[in-house]
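User: I should like to examine how the helices of this chain pack against one another. Please work from the structure shown below.

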Amino acid sequence: MILRRFASTASHVQTNESFWEALQSATKKRIVHPIKASQLMTKRLDAGFPPPETVPRDLQALRSIIQESIRAGRSTQAYAHIDMVEERGHISRFDLVEPIADDYIRCLLSVKDARGPVEGKQKPVSDLVVRKWALIEAKVFVAKLDQLGKASSISPALYDDIIQKMDEHGIAIINPSSVFHVAVRNKIPLNVRSWNVRLKLLANKADGTSRVLKRFKQMTAENHPINDVTIAIVLKALSKDPAYFDEAYRVLATAKQLKIWNVFIATEELHLLKLQYKHAELIARYTEYFGNTLLMQLGFVSLPKAASVSQQIAPLLRPSNETISLVLHTLVKLNPDAESLARLYAGFQQICQQRTELTMDQYCLSIFVRAFSKHESQIDRAIEILEYMRQAERRPSVFAYTHVIEGLCKSGAVDTAIKVLLYMQHDGVKPDAYTWTCLIRFYVEAGDYAKARSIYAKMRKLHCKPSEATMQAMQKIPRV
């Protein structure tokens, strides 16, 4: 009763102090429910009577109520109280929340609304905008704590939460004042997910390969946590530059030594071998990690000699679609004749029917489109696969369309090639310079220079920059 009376009556200083004393006492003794305490505090603040800043215990009472609201899952309401106190000018936001830093960070990580301190007085904005804005505020708060030498007042788990939520919402954490750097500088232990976020962001930089390798070496030297995602990120970064291939193999050796091994890491090793055109070794490694069942189903009986010396690991891994696409690419390279290609494609179709977790995705299908397009006798099958991709909503890439157009031009079926080009444009796939060059080259060799000029004009009209091959083809047209 006394709290209700204080919340709505006299404005003199003694009554105001008595209210905050009573509220503090009632909150500590659990006489007043936290929701009711928050309502009373809001009503008192709306009346223009904040807690006197000269009485520390009243400020502590306010912090206690804010903490109760946050821990009860009412972060938006707690944030509104913080906003209101700051607007009244009695204490800065930082001074208010610094003693309850952990709870304030939890508040920022869970706030979902932006109505403001008084219901309905501010127009709501989208949850995504609010969360991004709250994460930026958390970043600023952490930076200020770091400046004061109090970065360790936030628990390591909350540092992880901030970093990971920033990554989810696309907030950069690369700059020197970032949360990650504050944690590392203050030797706050971060979990492996936070380190992986850092590696992933570094990998997207212009000099990302060297920086990812440097950070990975630091992680291993300082015994920071490493998992399969860490290894996969590092391998993807290193495989971008041939100068780092040897380092990639050292990382693979580290993964095996630490017993961090799964289908994703094994697939990255196969990808590395593909980039080095080590086809026989790729098949050997696949047999070692995944067994030879798939190879037998594909009708690939005569394995390269390198495969026979490999020792299979136990238990064998189960290949993914990406793994199979690498194997298909290699088998097509090793067996380019039309008969072998037909056998491989039939085997691949059968495997996808038997194993529901595998699909005839656009990457695997594109491999066969390219392979069949190189054989005049198999160009119809390439068109058939391309049409299947279009109908099955596995959108063919510009490369798949271009391979078919090139194959048709070489076989003399330029009218069909033009139709494929029209389908390509209808599907929203923009022809590149090589696509146009295939058509230009055909008309130049056929002596139809007017048509070649017409194709070139369409190319320029669509703002496609000619390649060196395009200009070489155009230079063969006699000057009039």
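User: Is the crossing of H7 and H9 left-handed or right-handed?

Analyst: The model is a predicted one. In it, the axes of H7 and H9 come within 11 Å and cross at roughly 25 degrees. Angles under 35 degrees count as roughly parallel, and H7 and H9 are therefore roughly parallel to each other. The handedness of their crossing is left-handed.

User: How many charged residues are in the contact of H7 with H9?

Analyst: On the H7 side the contact is made by Asp102, Ile105, Arg106 and Leu109, and on the H9 side by Leu158, Asp161, Ile162 and Lys165. By class, four of these residues are nonpolar and none is polar. The number of charged residues in the contact of H7 with H9 is four.

User: Which residue forms a salt bridge with Glu98, and how many residues apart in sequence are the parts that the pair ties together?

Analyst: The whole structure holds 16 salt bridges. One of them joins Glu98 to Lys150, with the closest N and O atoms 3.4 Å apart. Glu98 lies in the loop between helix H6 (93-97) and helix H7 (101-110), and Lys150 in the loop between helix H8 (127-147) and helix H9 (156-168), so the parts tied together by Glu98 and Lys150 are separated in sequence by 52 residues.

User: Are H13 and H15 roughly parallel or roughly antiparallel to each other?

Analyst: Helix H13 covers residues 228-238 and helix H15 residues 263-275; their axes are 9 Å apart, and the packing angle is about 15 degrees. H13 passes H15 in a left-handed crossing. From the angle it follows that H13 and H15 are therefore roughly parallel.

User: How many nonpolar residues has the contact of H13 with H15?

Analyst: H13 contributes Asp228, Ile231, Leu235 and Lys236, while H15 contributes Phe264, Ile265 and Glu268. Three residues of this contact are charged and none is polar. The count of nonpolar residues in the contact of H13 with H15 is four.

User: Are H19 and H20 roughly parallel or roughly antiparallel to each other?

Analyst: The axes of helix H19 (residues 321-334) and helix H20 (residues 338-354) come within 10 Å and cross at roughly 165 degrees. H19 passes H20 in a right-handed crossing. Since angles over 145 degrees count as roughly antiparallel, H19 and H20 are therefore roughly antiparallel.

User: How many nonpolar residues are in the contact of H19 with H20?

Analyst: From H19, the residues Ile324, Leu328, Leu331 and Val332 meet Leu341, Leu344 and Phe348 of H20. The contact has no polar and no charged residues. The number of nonpolar residues in the contact of H19 with H20 is seven.

User: Where does UniProt place the feature "repeat: PPR"?

Analyst: The annotation comes from an unreviewed UniProt entry, which gives two spans, 397-431 and 432-466. In the model, residues 397-431 are 74% helix and 0% strand, with end C-alpha atoms 10 Å apart. Residues 432-466 are 77% helix and 0% strand, with end C-alpha atoms 9 Å apart. UniProt thus places "repeat: PPR" at residues 397-431 and 432-466.

Key:
Residues are numbered from 1 along each chain as its sequence is written. This is a predicted model: local features need pLDDT of at least 70, side-chain atom pairs count only at pLDDT 80 or more; totals for chains, interfaces and linings use all residues. Side-chain values use heavy atoms; hydrogens and water are left out. Axes are lines fitted to C-alpha atoms, for helices over the stretch in contact, and angles run from 0 to 180 degrees between N-to-C directions. Helices (H or I, at least four residues) and strands (E, at least two) are DSSP runs, numbered from the N terminus. Angles under 35 degrees count as roughly parallel, over 145 as roughly antiparallel, 65 to 115 as roughly perpendicular and the rest as oblique. A crossing is left-handed if the near helix is turned anticlockwise from the far one by less than a right angle, and right-handed if clockwise. Contact means heavy atoms within 4.5 Å. Ala, Val, Leu, Ile, Met, Phe, Trp, Tyr, Cys and Pro count as nonpolar, Asp, Glu, Lys and Arg as charged, and the others, Gly among them, as polar. UniProt positions are given in the numbering used here, feature names are shortened, and annotations may be inferred rather than shown by experiment. A salt bridge is a side-chain nitrogen of Lys or Arg within 4 Å of a carboxyl oxygen of Asp or Glu.
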